[in-house]
Amino acid sequence: MTSRTSAADPSTASTSARADAGTRPLRDVVFRNVRPFGAREPVDLVVVDGRIGEGAAPAGADVIDGDGRIALPSLVDAHIHPDKTTWGGEWVSRKPAGSIAELAEQDAELFRSQRRPVGERAYGLMAHAVTRGTRAMRAHADVAPAYGLACVEGLAEARERLKHALDV
Ligand SMILES: [Zn+2]
C-alpha cells in the first residue's frame, strides 16, 4: 500500500500549482522508496514541473511512498481506434474481408448498428486504458461519407473528458 503525504515544513510549502501548457496543474511529487525498472536498491524519484530530476524534494511536494515497489514509466498506446470500439456493449466478431473496400463497408455497417454514440464508446475504452496505466495515446478516427465527422467529434469529446489523465 502506498501512502501520500506532503514533504517538508508546511510553512515553506509552495502554494503555486503550475500548469502544463495551460491545461493541467503540475505538482511537485516525490516517489519515495521505489526501484526504477526493478533496480536492487530503492531510491527517491523527484518530479518537478512534470519531469523526473535529481536533487532534494522541493518544499511542499506531494510524497508517495512506493514501499520498495518497481517504478515503471506509464504506458503509451501508439495506435488505437477508439471510434470503432464497442467497449461496454455486446461482442462483435469481424468477418473475413477480401478487400480493403469490403473491410471499410463492414466498419460502416458496425457504425450504423451501434446505439451508443462514438463519444460514449470511445470514452469507455480510453478511460479503461487510463485505469490500466496508459498516459498517452495516438488515436485515429475515420472521416468518410458513412460517418461524416462523428468519429472525430466523438473522439474529441472523450479526449476532453479525460484531459486530466490522458494525452491524446
Ligand atoms: Zn490502425
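**Figure 1. The whole chain, and how much of it is buried.** A residue is buried here if 20 or more other C-beta atoms lie within 10 Å of its own. By that count, 18% of the 168 residues of this protein are buried, in what is a predicted model. The secondary structure adds up to three helices and 10 strands, and reading along the sequence gives β-β-β-β-β-β-β-β-β-α-α-β-α. Take the contacts with a separation of 6 or more: 73% of them join residues 24 or more positions apart.

**Figure 2. A look into the largest nonpolar core.** This core has 12 residues, including V118, Y123, M126, M137, C151 and L166. Two or more residues each come from α2 (118–131), β10 (134–139) and α3 (150–161). Helix α2 gives the largest share, with six residues.

**Figure 3. Zooming in on C151 and its contacts.** C151 is one of the residues of the largest nonpolar core. Setting aside its neighbours within four places in sequence, C151 touches D83, V118, A141, D142 and V143. Of these partners, V118 is also listed in that core.

**Figure 4. A separate core, with A61 in it.** Apart from the largest core there's another, made of six residues, with V29, V30, V34 and A61 among them. A61 sits in the loop between β6 (51–53) and β7 (62–65). So why does a loop residue like A61 count as buried? Because A61 has 21 C-beta neighbours inside 10 Å, and 20 is enough to qualify. There's also a long-range pairing to look for: A61 and D28 are 33 residues apart along the chain, yet 4.7 Å separates their C-alpha atoms.

Note on methods. Residues are numbered from 1 along each chain as its sequence is written. This is a predicted model: local features need pLDDT of at least 70, side-chain atom pairs count only at pLDDT 80 or more; totals for chains, interfaces and linings use all residues. A nonpolar core is a set of buried Ala, Val, Leu, Ile, Met, Phe, Trp, Tyr and Cys residues joined through C-beta atoms within 7 Å. Helices (H or I, at least four residues) and strands (E, at least two) are DSSP runs, numbered from the N terminus. Two residues are in contact if their C-beta atoms, placed from the backbone, lie within 7 Å.
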